[in-house]
Structure formats: structure tokens, C-alpha cells
Amino acid sequence: MSVATARVGSNIAFIKYWGVADASLNIPLSNSISMTLADAHTTTTVAWDDTGTLDTDVFVLDGVRQSAARSQRLTRHLDILRGLAGVTWRAWVTSQNNFPTASGIASSASGFAALTVAGCAALGLELDNTRLSAIARRSSGSASRSLFGGFVEWEQGTSDTDSVAVPLHGPEHWDLRDVVAIVSSEEKKLSSAGGHLLAKSSPLLDGRIAHVDGWLAETRQAIAEREIHRLGPVIELDALAMHSVMMTSTPSLLYWQPGTLEILQAVRRWREEESLAVYFTIDAGPNVHLICEAETAAVVETRLTSLPSVERVIVSRPGPGPQLLDEHLI
Ligand code: PMV
């Protein structure tokens, strides 16, 4: 057995990835920018069976052995790693998220990044994080960004080798918080992989893409200067633009629930009436991520907890890049 274990943080996108130029390689329609999370991570052990006894990959997630159908995406990703190493071995994969799956924190980002790092290390492939970012991207675009800590930009690129993430600033650059308000932990009906394919059917897609380069520049600048009142408006605008594309695609994707809107309105009220420096963003689901500086996080958390539609709140700091661990889960 060749075995390795990796721990990788999820990430929250400030400027989103939505829609693909090339669906087979996950080449996106634009760059995106995110913050890697310290307190929402996946730990994954990959053990390759070089004895040939296993005839399928075995995947255990949060203590539950996954069915063949639920292991398909994992097996397809392991096929890429097998191809790189020139082996046909099957693998035992055990994975643990320290946050609830389907909580609105992207488990596919940290999951596929951790699988890539542990799987390649266990195969003895010595690849740098840029190369690992390209490999992780193949199964989940947002996973490409989790190969670096802190503040990260995924460059759209045009090919498998240049569509990769680059680090902008380390996690110590700006003590931001992602305060996640969970209004529903139900699993979503359509995965984001399916959603990306629908983006081009929205009449609003071209409008978002025409503006996104300006929003990326504004976001880069706001992060560089640590200006929450510059970052906030542009991340809200882009999240609303992405959801407008989702809602107007065919079929229409409506991820929001009444609780989602309750939070958006509360955040604007807190800002307008009490000058609370907090802004929202929303991924492909009903839960809302509130972005603020460390000093504001406790009051944001208390207020969210008192809203009737909020089931649970998770707070995360900016986190490091991937880590290889000596202790294995198997
Ligand atoms: O990487 P995927 O296929 O799970 O897509 C992620 C899509 C969003 O979370 C909505 C946006 C993003 O950039 O993370």
C-alpha cells in the first residue's frame, strides 16, 4: 500500500465561477477570486492497493461507505491520477469534513483538492501546487483555488495547463471572517457541475461576463488595501449577478429560500441603520456567507443566531494551503 493524507481548506468565492467555456476540462468563462478557509476543511487519506486485490475504488465519507453511484465522481478523478502515474491500482479513500456536507460550504472544493494532494503524494508523483491546481480543477473548478492559502485568483486560461489558481496574498494579510448562516442543510437537487452547463442559456450571462473583469480588478484592489467597504459592494453585486444568471437559465435555478432573503434584508438594515461593516455573498444554495473583519464577527454571529430562519452559524478565518499529515484515517 502506498498511502498519504492531506488536509485542505474549502474556499469562499468573492467573485464567482459560474459557467464553462470547455465542460470537459472545466475551463471557466472568467477568472474568479476567493478566500481559503481555515475552519472548514477536508481531511482525506488515499491508500493505493498495489496488490490488485481491490476491483473497485472504495470511498468512505464521514464514516459512511458510499454507493457506487455516489463514488462515480471520485473514481473519475482517480482515473486522472492513475493515468498520470501509469497504474491501474484501485484505492481506499477515507474522507472527513469538519463541517456539515451541504451546509453551503463547498465540500467539493476542499474534497477534490484533498483527494488530488493525497492521491498524488501516495503515488509518489512530485507535482507543484500549480500542477495540482490544474488536476483538481478537472473535477471541481473551485477546487483549483484551494491549492493555495489566503486570497487566491483562478486564472481562466485557455488550456488544461494554464487554467490554474495563483496566490494573491497569504492568510495573514487580512483578518477577515466568513460567517455562514445555514438556513437549510438539505442537499441541493442539482449539483453545481450541472448548473455550469446551463449558464449559457441565460440571457443575462453576457451582461455579467462583460462586467466581471472590472469587478475582479476592484476586488483585487480592495483586498490589497484591506478595504471592507470597497470589497463588500462588489462581492454583493457579483453574487446577485450570478444568481440572476441562475434564475434566468433554462431550466431556471432558484436556490433561495425565504430565509435567504430574510438575511439579505437584515444585513442591509444592520449596515444602513447601525453602520455594521458586513456584506453578503451566496454560492449555489440557500445559505448566506457574511463577510466582515474579525472585530465585527461576534456581533454578526449573535444577530444571525437570533433570526428565526437560521438553523446554525459557522465562522471561519482565512486559512493555509494544503498540508500533508503523518496520521492516516485508515
Ligand atoms: O467548483 P464547482 O463546480 O462546485 O462550482 C462552484 C460554483 C460556486 O460555488 C457557485 C462559485 C465559486 O466560484 O465557488
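## Ligand site and domain interface

In this predicted model, 14 residues surround the ligand. The closest are Tyr17, Ser142, Arg145, Ser192 and His196. Three side chains, listed here, place a polar atom by a ligand oxygen.

| Side chain | Partner | Distance |
|---|---|---|
| Serine 108, N or O atom | Ligand oxygen | 3.2 Å |
| Arginine 145, polar atom | Ligand oxygen | 2.8 Å |
| Serine 192, polar atom | Ligand oxygen | 2.9 Å |

Arginine 145 and serine 192 also belong to the closest residues around the ligand.

**Two domains**

The chain is assigned two domains. Domain 1 covers 2–173, and domain 2 covers 176–316. By this assignment, Ser142 and Arg145 fall within the bounds of domain 1, while Ser192 and His196 fall within those of domain 2. Taken over C-alpha atoms, the domain centres are 23 Å apart.

How much area do domain 1 and domain 2 bury between them? The value is about 3,300 Å². Carbon and sulfur atoms carry 67% of that area. Three residues stand out on the domain 1 side: Phe14, Lys16 and Trp18. Together they supply 27% of the area that domain 1 buries against domain 2, more than any other three residues. Interface size is often quoted in just this way, as accessible area lost when the parts come together.

In residue terms, 33 residues of domain 1 are in contact with 47 residues of domain 2.

**Polar links across the interface**

Between the domains there are 2 salt bridges. Lysine 16 forms a salt bridge with aspartate 283, and their closest N and O atoms are 2.7 Å apart. Lys16 thus appears twice, as it is also one of the three residues supplying that 27% share. The count of residue pairs in polar contact between domain 1 and domain 2 is 11.

Which elements give two or more residues to the side of domain 1 that touches domain 2? They are strand E1 (2–15), strand E2 (20–22), strand E4 (32–49), strand E8 (151–154) and strand E9 (165–169). E4 gives the most, with 7 residues. By residue class, this side of domain 1 divides into 20 nonpolar, 9 polar and 4 charged.

**A long-range pair**

The salt-bridge count comes to 15. One of these joins aspartate 39 and arginine 317, at 2.7 Å from N to O. Aspartate 39 lies in strand E4, and arginine 317 lies in the loop between strand E13 (312–316) and strand E14 (323–325), so the pair ties together parts that are 278 residues apart in sequence. Side chains of opposite charge can pair when their charged atoms come close.

**Backbone exceptions**

Most residues other than glycine have a negative phi, and most peptide bonds are trans. Two places here depart from that pattern. The peptide bond from threonine 250 to proline 251 is cis, with omega near -5°. Proline 251 sits in the loop between helix H6 (228–247) and helix H7 (258–274). Asparagine 26 has a positive phi, near 55°. Its place is the loop between E2 and strand E3 (27–28). Strand E2 is also among the elements on the side of domain 1 that touches domain 2.

Notes:
Residues numbered from 1 in each chain as written. Predicted model: local features only at pLDDT ≥ 70, side-chain atom pairs only at ≥ 80, totals over all residues. Heavy atoms only, no water. Domains from an automatic or database assignment. Contact = heavy atoms within 4.5 Å. Buried area = accessible area lost by both parts, 1.4 Å probe. Salt bridge = Lys/Arg side-chain N within 4 Å of Asp/Glu carboxyl O. Polar contact = N/O pair within 3.5 Å; in protein donor to acceptor, adjacent residues only side chain to side chain. Helix = DSSP H or I, 4+ residues; strand = E, 2+ residues; numbered from the N terminus. Nonpolar A, V, L, I, M, F, W, Y, C, P; charged D, E, K, R; others polar. Near = heavy atom within 4 Å.
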